[in-house]
Amino acid sequence: MEFIEAPLFTQLLPEYLTDDEYAELQHYLANDPANYIAIMDDLGRFDSRDRLPAIRCPTLIVAGGDDASSVAGRAPVDSATTLNRLIAGSELAVIPGACHY
C-alpha cells in the first residue's frame, strides 16, 4: 500500500480545507499509517455484542445524527441503535446535526 506524505498532500489541497478540516487532517496524518490501519482493522473486528445484555446500570447512548464514522461498515446511528437494543433499559439520544469530531 502506498501512502501520501502529509506535506505533499497538504500542499496540493490547502485551499479546499477549512481551518478545522486542516487541523483534523493533521491529527490523522500524525499517526504512523501502518499502526493506524492495524488499530482500525482491530476495531472493525471487535465484537462484544454477546456481553451487552449483562449491563445492568443506567446507560445513555449518544450518537451524532450527521456522524460519518462507521464501525465495521455500519452507519453510526445503526451501531447506536444496536447498543440500545442489546442494553436493557438503555436510552438512545441522537443529536441532530452533530458528528463525531
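Helices and strands here are DSSP runs, numbered from the N terminus, so H4 and S2 are labels you can follow along the chain. With that in hand, let's start the tour of this predicted model.

**Stop 1: the whole chain.** Show everything as a cartoon. You should find 4 helices and 2 strands, and from the N terminus on they run α-α-α-β-α-β. Now switch on the surface: the accessible surface comes to about 7800 Å², and carbon and sulfur atoms account for 58% of that. Of the 101 residues in the protein, 15% are buried. Among contacts with a separation of 6 or more, 62% join residues 24 or more positions apart.

**Stop 2: helix H4.** Select residues 76-86, which form helix H4. Which residues of H4 are buried? They are Pro76, Ser79, Ala80 and Thr82. Look down the helix axis and you will see these residues on the same side of H4, because they cover an arc of only 155° around it. A bit of background helps here: an α-helix has 3.6 residues a turn, so residues three or four places apart point the same way. Next, add residues 60-64 and 91-95: strand S1 and strand S2 are included in what covers the buried residues of H4.

**Stop 3: the nonpolar core.** Select Leu52, Ile61, Ala63, Ala80 and Ile87, and show their side chains. These 5 residues make up the largest nonpolar core. In soluble globular proteins, nonpolar side chains tend to be buried together. Now centre on Leu52. Beyond its neighbours within four places in sequence, Leu52 is in contact with Leu83, Leu86 and Ile87.

**Stop 4: Ser90.** Move on to the loop between H4 and S2, where Ser90 lies. Is Ser90 buried or exposed? Ser90 is buried, because its relative accessible area is 14%, and the cut-off for buried is under 20%. Show its side chain and look for two partners. One is the side chain of Asn84, in a polar contact at 2.8 Å; another is the backbone oxygen of Ile87, which the Ser90 side chain reaches at 2.8 Å. Leaving aside neighbours within four places in sequence, Ser90 is in contact with Thr59, Ile61, Leu83 and Asn84.

**Stop 5: two cysteines.** Finish by selecting Cys57 and Cys99. Cys57 counts as partly exposed, at 47% relative accessibility, and Cys99 is partly exposed too, at 46%. A disulfide is a covalent bond between the sulfur atoms of two cysteines. How many disulfides does the model have? The count comes to 0, using a cut-off of 2.5 Å between cysteine sulfur atoms.

Definitions and conventions
Residues numbered from 1 in each chain as written. Predicted model: local features only at pLDDT ≥ 70, side-chain atom pairs only at ≥ 80, totals over all residues. Heavy atoms only, no water. Buried < 20%, exposed > 50% of the residue type's maximum accessible area, 1.4 Å probe, protein only. Core = buried A, V, L, I, M, F, W, Y, C linked by side-chain atoms within 4.5 Å. Contact = heavy atoms within 4.5 Å. Arc of directions from axis to C-beta. Areas by Shrake-Rupley, 256 points an atom, 1.4 Å probe, with all protein chains shown as cover. Polar contact = N/O pair within 3.5 Å; in protein donor to acceptor, adjacent residues only side chain to side chain.
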